[in-house]
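Student: Could you walk me through this structure, one question at a time?
Tutor: Gladly, have a look at it first.

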Amino acid sequence: MSNNIGVYLKEKRKQANFRTQEALSNFTLLAQGHISRAESSKTRPNDETLMILAIALGLDYEEVFTKAKPRTDEELGVILEQEKIDKKLFESVVAIFTHLLKNDDRKLQMDFFNGPLNLIKGEIKNGVKYRLEKAQDHLRDTASVKEETYNYIARREATRMFYSISRGFAKGFRANLLKEIEDFTQAEHTDSEKVPKEVIELTDSTRLFSIEGELLSEKEVYAIIEHHLTSRRIEEMFDHKK
């Protein structure tokens, strides 16, 4: 195992504002002991764990996987293709959960769980539904909710959902689920001009973007734009259904 994978994971956890392993465990559903063994390099995390950690900490699969152990070009190619699916799936679910938490629309929630999430079925689907409803109950009892609170809870529940499906289904399942969600979010669009274009172009190379003083890479900028387009598409779909 790479000697620095544990140090790397611990450093990235703290950079992502998870001060303790327990906090990350609660966010991801990964066992705290499992996180501890990974950070101390006592065990090498398997592929599913590496993907969950990458999703939760906002890391690139390529960096995380190559830190864990050397990869062939063929292996890395497969990993990068999976990353495209996983991160798009994750951001789509975050956007949907954010909307459901903010608007408390039970009909749309029922459509979502009886539609795309019906692919999951069983205990995993029930677990996702239960946790989301529990979060909604908590928010209803809160007098004033900040925007970042909705986003945090949505990302936490989307990460937990990702944990469940990555452990409970083969990798190909995520591609099918992503297609079902994309079909669901676009089903009500009859005006093609309302559907955001999938091609993203950054034509002005003179602009630099930063968050808290740290410059963003081109890949990070693209990820932010993709998240914005996904959120906008979902908001438009929900508004159209009202």
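## Helices, cavities and two loop residues

Student: To begin with, which pattern does the protein chain follow along the sequence?
Tutor: One thing to keep in mind is that this is a predicted model. The protein chain has 11 helices and two strands. Read from start to end, the pattern is α-α-α-α-α-α-α-α-α-α-β-β-α.

Student: What percentage of the residues of the protein chain count as buried?
Tutor: A residue counts as buried when its relative accessible area is under 20%. The protein chain has 242 residues, and the share of them that passes this test is 40%.

Student: How many cavities of 30 Å³ or more does a search find, and what is the volume of the largest cavity?
Tutor: The search covers the whole structure and finds two such cavities. For the largest cavity, the volume comes to about 40 Å³.

Student: Which element gives the largest share of the lining of the largest cavity?
Tutor: The lining consists of L89, F90, V93, A158, M161, F162 and I165. Two elements give two or more residues to it, α6 (73–103) and α9 (147–168). The largest share, four residues, comes from α9.

Student: By class, what kind of residues line the largest cavity?
Tutor: Leu, Phe, Val, Ala, Met and Ile count as nonpolar, and the lining is made up of L89, F90, V93, A158, M161, F162 and I165. There are no polar and no charged residues in this lining, and seven are nonpolar.

Student: How many charged residues are in the lining of the second largest cavity?
Tutor: This cavity holds about 30 Å³ of space. Its lining is L9, R13, L24, I35, E39, L53 and L57, with α1 (5–15), α3 (32–39) and α4 (47–57) each supplying at least two residues. Arg and Glu count as charged. By class, five lining residues are nonpolar, none is polar, and the number that are charged is two.

Student: Is L29 buried, partly exposed or exposed?
Tutor: L29 sits in the loop between α2 (21–28) and α3, and its phi is positive, about 80 degrees, although it is not a glycine. Buried means under 20% relative accessible area and exposed means over 50%. With 32%, L29 falls between those cut-offs, so L29 is partly exposed.

Student: Where is S41, and what is its relative accessible area?
Tutor: S41 is another residue that is not a glycine and has a positive phi, in this case about 60 degrees. Its place is in the loop between α3 and α4. S41 is partly exposed, with a relative accessible area of 24%.

Student: How are α2 and α3 oriented to each other, and what is the handedness of their crossing?
Tutor: The axes of α2 and α3 come within 9 Å and cross at roughly 125 degrees. Angles of 65 to 115 degrees count as roughly perpendicular and those over 145 as roughly antiparallel. An angle of roughly 125 degrees lies in neither range, so α2 and α3 are oblique to each other. As for handedness, α2 passes α3 in a crossing that is right-handed.

Student: And how is α4 placed relative to α5, with which handedness?
Tutor: α4 packs with helix α5 (residues 61–68) at an angle of about 135 degrees, their axes 10 Å apart. That angle makes α4 oblique to α5. The handedness of this crossing is right-handed.

Methods: Residues are numbered from 1 along each chain as its sequence is written. This is a predicted model: local features need pLDDT of at least 70, side-chain atom pairs count only at pLDDT 80 or more; totals for chains, interfaces and linings use all residues. Side-chain values use heavy atoms; hydrogens and water are left out. On a 1 Å grid over the protein atoms alone, a cavity is a set of points where a 1.4 Å probe fits but cannot get out, and a pocket is an open set with protein on both sides within 12 Å along at least five of seven lines; lining residues have an atom within 4 Å of a point. Grid points are joined across faces, edges and corners, and a volume is the space filled by probe spheres set on the points. Buried means under 20% relative accessible area, exposed over 50%, partly exposed in between (1.4 Å probe, protein chains only). Axes are lines fitted to C-alpha atoms, for helices over the stretch in contact, and angles run from 0 to 180 degrees between N-to-C directions. Angles under 35 degrees count as roughly parallel, over 145 as roughly antiparallel, 65 to 115 as roughly perpendicular and the rest as oblique. A crossing is left-handed if the near helix is turned anticlockwise from the far one by less than a right angle, and right-handed if clockwise.
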